[in-house]
Amino acid sequence: MRLSELDPLIPLTELREELLKLPKGYSFYEEELVDFLSRRRWPESSRRIDRTTFWRWRNDNGIEHQKVFSRLDILKLCQICDHYRVDGTRSEYLAIVKNKREVVLNK
């Protein structure tokens, strides 16, 4: 499967289902992921997410990979992309991530 075959605005739950159909260990390359995220972030234009933004999103989600990304990485990056598409701020997103980590640690 190629990300370019999917509707860029596919809901995260449906995207997760599509990704789960892929073989374990299936991965995506950075260029394909950036193209998909750019279409998701700005569906009505041909703008692209710049490299600095992509690296910041990756770092904010604790993704350390350089060129190849897993299914979980894609879901995390789509989540942050969606947050910014609806005018969310970085501090709001980092607070959400921090709260999720605290919930996991407290269980």
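Is R90 buried, partly exposed or exposed? Select R90 and look. Its relative accessibility is 37%, so R90 counts as partly exposed. Keep in mind that this is a predicted model.

**Stop 1: D60 and R90**

Keep R90 on screen and add D60. The two side chains meet in a salt bridge, 2.7 Å from N to O. This pair links distant parts of the chain. D60 sits in helix α3, while R90 sits in helix α5, which covers residues 90–106. In sequence, D60 and R90 are 30 residues apart.

Now colour helix α3, residues 51–60, and find D60 in it. Why does D60 count as buried? Its relative accessible area is 8%, and buried means under 20%, so D60 falls in that class. Its partner R90, at 37%, is partly exposed.

Which residues touch D60, apart from its neighbours within four places in sequence? Select I80, R90, L94, V97 and R101: D60 is in contact with each of them.

**Stop 2: D82 and R85**

Move to helix α4, residues 71–85. Select D82 and R85, which both lie in this helix. They are three residues apart, about one turn of the helix. Their side chains meet in a salt bridge, 3.0 Å from N to O. Check each partner in turn. D82 has 16% relative accessibility, so it counts as buried. R85 has 29%, so R85 counts as partly exposed.

**Stop 3: E18 and K21**

Next, select E18 and K21. What joins them? A salt bridge does, and the closest N and O atoms are 3.1 Å apart. E18 has a relative accessible area of 25%, so E18 is partly exposed. K21 reaches 64% relative accessibility, so K21 counts as exposed.

**Stop 4: a network**

Select three residues together: E30, R51 and K67. They are linked in a network of salt bridges. How many salt bridges does the structure hold? The count is nine.

**Stop 5: R2 and W42**

Finish with R2. Where is it? R2 lies in the segment before helix α1, which spans 12–20. Its relative accessibility is 45%, so R2 counts as partly exposed. Now add W42 and draw a line between the two C-alpha atoms. R2 and W42 are 19 Å apart in space. Along the sequence, 40 residues separate R2 from W42.

How values were computed:
Residues numbered from 1 in each chain as written. Predicted model: local features only at pLDDT ≥ 70, side-chain atom pairs only at ≥ 80, totals over all residues. Heavy atoms only, no water. Helix = DSSP H or I, 4+ residues; strand = E, 2+ residues; numbered from the N terminus. Buried < 20%, exposed > 50% of the residue type's maximum accessible area, 1.4 Å probe, protein only. Contact = heavy atoms within 4.5 Å. Salt bridge = Lys/Arg side-chain N within 4 Å of Asp/Glu carboxyl O.
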